[in-house]
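Got your viewer open? Here's a short tour, so get ready to click along and colour things as we go.

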Amino acid sequence: MSLADWGHAEPYEDVSGEIGIVGIGEAAYSRASGRTSRQIAADAVASAIEDAGLKPSDVDGITLSMVDTDFDAAAFHEHFGTSHDIWVSRCGGGMTWAATAAYDAALAIRRGDAKTVVNVFSVDWASKRGELVGGPGHFHAEELFKQNLEVPFGWFPQPVYFASIARRHMAEFGTTTEQLGSIAVACRRHANRNPLAVMRDKPLSIESYLESPLIADPFRKEDCCLISDGGAAYVMTSLARARDLRREVVEVAGVGLGTSKTGRYWAQQPDFTATPQIFSAPVAFAMAGLEPCDVDVLTCYDPFTIVSLMQIEDMGFCPKGEGGRFVEGKALHFDGGVLPYNTHGGLLSHAYVLGIAHVVEVVKQLRGESASQVPDASVGIYGGYTGPQASTLLLRRGGA
Amino acid sequence: MREGFPLPDLQWEPTREYWAGAAAGELRMPRCTACRRFCWYPDGNCRGCGAEQVTWERMTGRAKLFTWVVLEHAFLPQYGRDLPFVSALVALEEAPGVRVPTRIVECAAEDLAIDQPLEVCFRPLRFAGVDGEVVAPFFRPIARLSVA
């Protein structure tokens, strides 16, 4: 299967070293809470601005999601009592956009459209769950090819898509249930150490993983992410300005975005056991002048264990097909693992806030503030994923 | 959600011929008349050559099991009555590059194997709490010939 057959990398300009992340903020992560996504976003943005040591009137750019997070310029002004001009992009938020918001912000800052940009994502799907057909599968149930060709046969929703991919990965490469379980266990161990994580009080051993019931064989419940309310935000500005602010500088070193031609139709992606990370990651690494062996900590969008395993392969941390053996045992743990991964707990055990907390966690690691700190972490990477696209964000401490 | 969900909408134009074929006991797939590529899912012009003309052709119904999942949980309440059941993607003999979502029947889940040969069979699709039924292309293992 040649790469050109099923996807491509977006042609990104080099933005390495132009901007830094200077503030992070989090709203509470929870099960159903009755909070709206706008309230959650306001909490996260306020916290991020405070962390940066800035005033709300200093923020003149917002990147947010096309859906869900309803915190545009009007909402910002209403919440903070401000009235200045704000540049707004709807190509921000979570998932892949939790990474690519940094690219769009860098270009906006370069153009002079904004000086300081906040990227925010929030979600209230735990509170809204009863309104959704098949939970987060709702958006797929409404898609008419899926509705007429997949849903009638039970090929729905996401746990079924990704259990199908896991089955095929197992057949092609010998990946085992225990190997998938080791990803879930690593996330849970990190969540148990993180007071902000939804699953902070619920331990998970490989034995209890293997004993838990199958819900979409080969998947168990613990292969699947949580449904949560919560959100987070991060503030970006030029690297020169970042050095004058109070937090240690975290440089945006590289960004990439890859796209699959088959879009949301997972069933039809020619390379069924890969992600568009194979197009995205090389762009980000080249832009940063870094290689996978330089990475101290990884967070990746982990709706299901297999998605992390594939992204680890597709980012180049191991050859394709060897992900199962790579993640075995304690390989992903913060203390001594070869690739400390989702050290906040991930979508599996921290909260399902669609990747925004993953970027915040990388920043914490590079500042030395994580609940599961990797000693002397200086390079961190986030892998974003939607299915149709994958993105890569490389962050570097200090901004040398 | 549409009345009858999760039964298919037999009138929806892009997939109408797929379901009409099933009602007639045929597995039909859309194919570009110019370059002969299969246009699956049939969401417009041929993705290979851009031609507009797509025709539906009858397939032999032979396939290989590409991957499968045993549903143990009712992700939709309408799935509940049938649990557990096997939802699968199959690769057709004539069109190995595309995958057809289906259910596997007449086989215990523990006896399934990747790439095992299958054949189409037509069965009524029904859902708990949903009126009506639709004949759908399911797949089953090709019966092994007994060797004397």
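We'll start where the two chains meet and then head into chain A. Keep in mind that this is a predicted model.

**Stop 1: the contact between the chains**

Show chains A and B in two colours. How many residues does the contact take from each chain? Chain B gives 33 residues and chain A gives 32 residues.

Stay on the chain B side and select strand S3 (62-71), strand S4 (85-92) and strand S5 (100-104) of chain B: these are the elements that give two or more residues to the side touching chain A. Which one gives the largest share? That's S3(B), with six residues.

Now colour the chain B side of the contact by residue type. You should get 22 nonpolar residues, six polar ones and five charged ones.

**Stop 2: strands across the chains**

Keep S3(B) selected and add strand S6 (residues 214-217) of chain A. Two bridges join S6 of chain A to S3(B), and the two strands run antiparallel. Want one pair to zoom in on? Pick Ala216(A), whose bridge partner in S3(B) is Leu71(B).

**Stop 3: Ala9(A)**

Next, jump to strand S1 (residues 7-9) of chain A, where you'll find Ala9(A). Is Ala9(A) buried or exposed? Ala9(A) counts as buried because 20 other C-beta atoms lie within 10 Å, and 20 or more is what being buried takes.

So who's around? Leaving aside neighbours within four places in sequence, Ala9(A) is in contact with Gly256(A), Gly258(A), Phe279(A), Ser280(A) and Val283(A).

Last click: draw a C-alpha to C-alpha distance from Ala9(A) to Ile278(A). They sit 269 residues apart in sequence, but 8.6 Å apart in space.

Technical notes. Residues numbered from 1 in each chain as written. Chains lettered and ligands numbered in written order. Predicted model: local features only at pLDDT ≥ 70, side-chain atom pairs only at ≥ 80, totals over all residues. Contact = placed C-beta atoms within 7 Å. Helix = DSSP H or I, 4+ residues; strand = E, 2+ residues; numbered from the N terminus. Nonpolar A, V, L, I, M, F, W, Y, C, P; charged D, E, K, R; others polar. Pairing = 2+ DSSP bridges. Buried ≥ 20, exposed ≤ 12 C-beta atoms within 10 Å, placed from the backbone.
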